[in-house]
Structures are given as C-alpha cells and as structure tokens.
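Dear colleague,

I am passing on the structure below, and after it you will find my notes on what came out of the analysis. Please read them with the coordinates open beside you.

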Amino acid sequence: MKRARQARWMTIFLVTGIVLIGAVSVWAQASSLKEIGNIVASVVGNAGSVWVQGDYAYVTTWDGSGLKIVDISVPSNPTVVATVTSPFGATNPLSDLCIQGDYAYVLDYGSSGQGGLFIADISDPPNTTNA
C-alpha cells in the first residue's frame with residue numbers, strides 16, 4: 001500500500017482572493033483543513049488561474065489588474081511583490097498561464113478582440129517584466 005504524499009500546505013485560489021490552507025496530506029478530508037494565510041481580492045484582484053513555483057504564486061486576474069506575483073515564503077503572510085500588465089491592454093482580463101523556466105506564458109482574454117499571448121520574464125520575481 002502506498003502512503004499518501006505529505007503536504008506542508010496547499011494553496012487555494014478563490015475569486016475573492018487567495019487562501020493558504022494547511023493539510024495533513026494531499027487527500028486530506030475537509031475537516032482537517034485549516035487556513036494559515038490569505039490575501040483579499042482588494043489586494044490581489046479577482047483571481048483567475050494560478051501557478052506556484054518555489055516561494056512565489058503567479059496569479060492571473062479577471063478584473064484587469066494584471067499578473068500578480070505573490071511571495072508565499074511565509075504562508076501566514078502572503079504578499080504581492082510585483083504586478084505585470086498585458087501589452088495588449090493594461091486593463092485586459094487575464095485568463096490562464098503556464099510557467100516554464102524563467103518565463104510565464106500568459107493568455108490575455110482581451111477586450112474587443114484585442115488580446116493574445118504575452119510572455120513575462122520571471123527570472124527575478126519581484127522585478128518581473130514583459131519579455
């Protein structure tokens with residue numbers, strides 16, 4: 001019988017913000033989950049998609065507030081350290097992202113058909129820029 005993989009904490013992203021949840025295992029029952037940190041929507045925006053790499057969470061926003069880079073090294077105190085807006089429109093909603101190496105590939109949902117894929121250089125997360 002295989003043992004369940006242990007998790008120090010899980011990240012759950014909600015439309016109303018971010019909540020970091022502590023759990024005994026990846027397959028923990030809901031009653032064993034405990035909130036250990038959060039960021040409200042007024043700080044992070046209306047979260048769309050998320051990708052966690054190392055000590056950072058990369059969050060797309062549906063409200064047009066850009067790609068948020070969140071330092072999650074202290075789960076009880078997640079902090080937005082950078083924001084990158086789309087070159088297609090600074091207030092466009094961002095729908096999804098994928099990270100490979102030092103780059104985040106972000107889908108801009110666009111408004112009035114003015115969207116597309118843009119690439120952000122995340123080699124230094126607090127100083128993320130469009131590539």
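L117 is found in strand 10, and with a relative accessible area of 48% L117 is partly exposed, because that value falls between the 20% limit for buried and the 50% limit for exposed. Please keep in mind throughout that this is a predicted model.

L117 also belongs to a nonpolar surface patch of about 410 Å², which is made by Y103, Y105, L107, L117 and I119. Two strands, namely strand 9 (103–108) and strand 10 (116–121), each supply at least two residues of this patch, and it is strand 9 that gives the most to the patch, with 3 residues.

Both of these strands sit in an open sheet of 4 strands, whose order is 8-9-10-11 and whose pairing is antiparallel. Strand 8 and strand 11 (129–130) stand at the edges of that sheet, and each has a single partner strand, so one side of each is left without a neighbour in the sheet. Strand 10 and strand 11 run antiparallel and are joined by 2 bridges; as for the residues involved, A120 has N130 in strand 11 as its bridge partner.

At the other end of the strand order, S95 lies in strand 8, which covers residues 94–100. S95 has a relative accessible area of 19% and counts as buried, because the limit for that class is under 20%. Leaving aside residues up to four places away in sequence, S95 touches S49, T60, W62, L107 and Y109; of these contacts, L107 is also one of the residues that make the nonpolar patch.

Two further contacts of S95, W62 and Y109, bring me to the aromatic side chains. A search of the whole structure finds 1 aromatic pair. This pair is formed by W62 and Y109 in an edge-to-face arrangement, with 5.7 Å centre to centre and 65° between the planes. The pair links distant parts of the chain, since W62 is in the loop between strand 5 (56–61) and strand 6 (67–71), whereas Y109 is in the loop between strand 9 and strand 10, and the two are 47 residues apart.

How accessible, then, are W62 and Y109? W62 has 41% relative accessibility and therefore counts as partly exposed, while Y109, at 59% relative accessibility, counts as exposed.

With best regards

Definitions and conventions:
Residues numbered from 1 in each chain as written. Predicted model: local features only at pLDDT ≥ 70, side-chain atom pairs only at ≥ 80, totals over all residues. Heavy atoms only, no water. Buried < 20%, exposed > 50% of the residue type's maximum accessible area, 1.4 Å probe, protein only. Contact = heavy atoms within 4.5 Å. Patch = residues over 30% accessible without salt bridge, like charges linked within 9 Å, V, L, I, M, F, W, Y side chains within 5 Å. Areas by Shrake-Rupley, 256 points an atom, 1.4 Å probe, with all protein chains shown as cover. Salt bridge = Lys/Arg side-chain N within 4 Å of Asp/Glu carboxyl O. Phe/Tyr/Trp six-rings, centres within 6.5 Å; stacked < 30°, edge-to-face > 60°. Pairing = 2+ DSSP bridges.
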